[in-house]
Every structure is written in structure tokens, then in C-alpha cells.
Amino acid sequence: MKLPVIPVASGIIIKDNKILIGLRSKKDHGGGLWEFPGGKIELEESELSAVIRELKEELGINVSVQQKVMQYIHRFKNTLYDISFFEINSFEGEIKMNVHDDIRWVDLGSLKDYIFISGDLLFIDKLIDDPYILYSFKK
């Protein structure tokens, strides 16, 4: 059986050495779990365009992408998610909760205190193991 592959782009938004995380709405799939904001890449849309669009839709901000940090395939049930993570350390606008039930700025060391969607767990492990994959933590 060939599983469908859904491409996803997530933003790792950093400000003052803290990372923005969002609590998925209870009415959404995975509701009540934390995530890095982002979403599905639309047909014929680039990963970069997708993360910029998704962060505008979800948070109401215009972002500047620093770098693509990581990409991997994550299997959840009978679907494969091709997830790309982008570092964002500059944005314009005031952050709004357009789709999340809560948003928080958290320290890198406290990420493990939150229950995340399964697709973000490998990235969190890598980030905790090597925070210098993000330019923002190399200062």
C-alpha cells in the first residue's frame, strides 16, 4: 500500500532567545497539543512561500526566513508528512491567535514540558541536542 505524502512547512519563530509555540485548537485534528506554527504546502507552492503564507494566516505576521533548519518524513497513522522547519528571527506585526487556543514564548530547555504533535518531536530532540542548528542561538 502506497501512503499519501503531505508536504508541510513549519516556522521556528525566535525572539529574545525564546521560541514561539502554539496550542492547536480543540476543534482541529490534534487539538490540545502544542506545535510550531505552520501548515500544508499548497499545490505548486514552494516551501518558503508556504511558511510565509501560513504564518501570516495563523499569526497575522509578516516574516523573514533566516534558513531552512531541517526536513524529514514523519509517519502518522496511514499518512506520511514531509515536514520542513524554517528559522524565523525577524517579523513584523503583532502576533494574533487566529487558529491557536494559546501561544507562548518558551525557553529551549522547557520545550519538553509541553505535549507536542508527534511530527515535531524529532525536531525538538535534535534542537535540544544541538541548539546551534539555529543561527539565533549562535550569538
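Modeller: Let's start with a helix in this predicted model: the buried residues of α2 pack against β1, β2 (18-24), β5 (62-76) and β6 (79-92).

Biologist: Which residues of helix α2 (residues 121-129) are buried?

Modeller: Buried here means under 20% relative accessible area. In α2, Phe 123, Ile 124 and Leu 127 are the buried residues. They cover an arc of only 100 degrees around the axis, so they sit on the same side of α2.

Biologist: Thanks! One of the partners was β1. Is Ser 10, in that strand, buried or exposed?

Modeller: Ser 10 belongs to strand β1 (residues 5-15). With a relative accessible area of 4%, Ser 10 is buried.

Biologist: And what is Ser 10 in contact with, leaving aside its neighbours within four places in sequence?

Modeller: A contact requires heavy atoms within 4.5 Å. For Ser 10, the contacts are Phe 36, Pro 37, Gly 38, Val 51, Ile 83, Ser 84, Phe 85 and Phe 86.

Biologist: Let's step back to the whole chain. How many helices and strands does the chain have?

Modeller: There are 2 helices and 7 strands, and along the sequence they follow the pattern β-β-β-β-α-β-β-β-α. The radius of gyration is 14 Å, close to the 14 Å from the globule rule for 139 residues, so the chain is as compact as a globular protein of that length.

Biologist: What share of the residues count as buried?

Modeller: Of the 139 residues, 45% count as buried. As for contacts with a separation of 6 or more, residues 24 or more positions apart account for 66% of them.

Methods: Residues numbered from 1 in each chain as written. Predicted model: local features only at pLDDT ≥ 70, side-chain atom pairs only at ≥ 80, totals over all residues. Heavy atoms only, no water. Helix = DSSP H or I, 4+ residues; strand = E, 2+ residues; numbered from the N terminus. Buried < 20%, exposed > 50% of the residue type's maximum accessible area, 1.4 Å probe, protein only. Arc of directions from axis to C-beta. Rg over C-alpha atoms; globule rule 2.2 N^0.38 Å.
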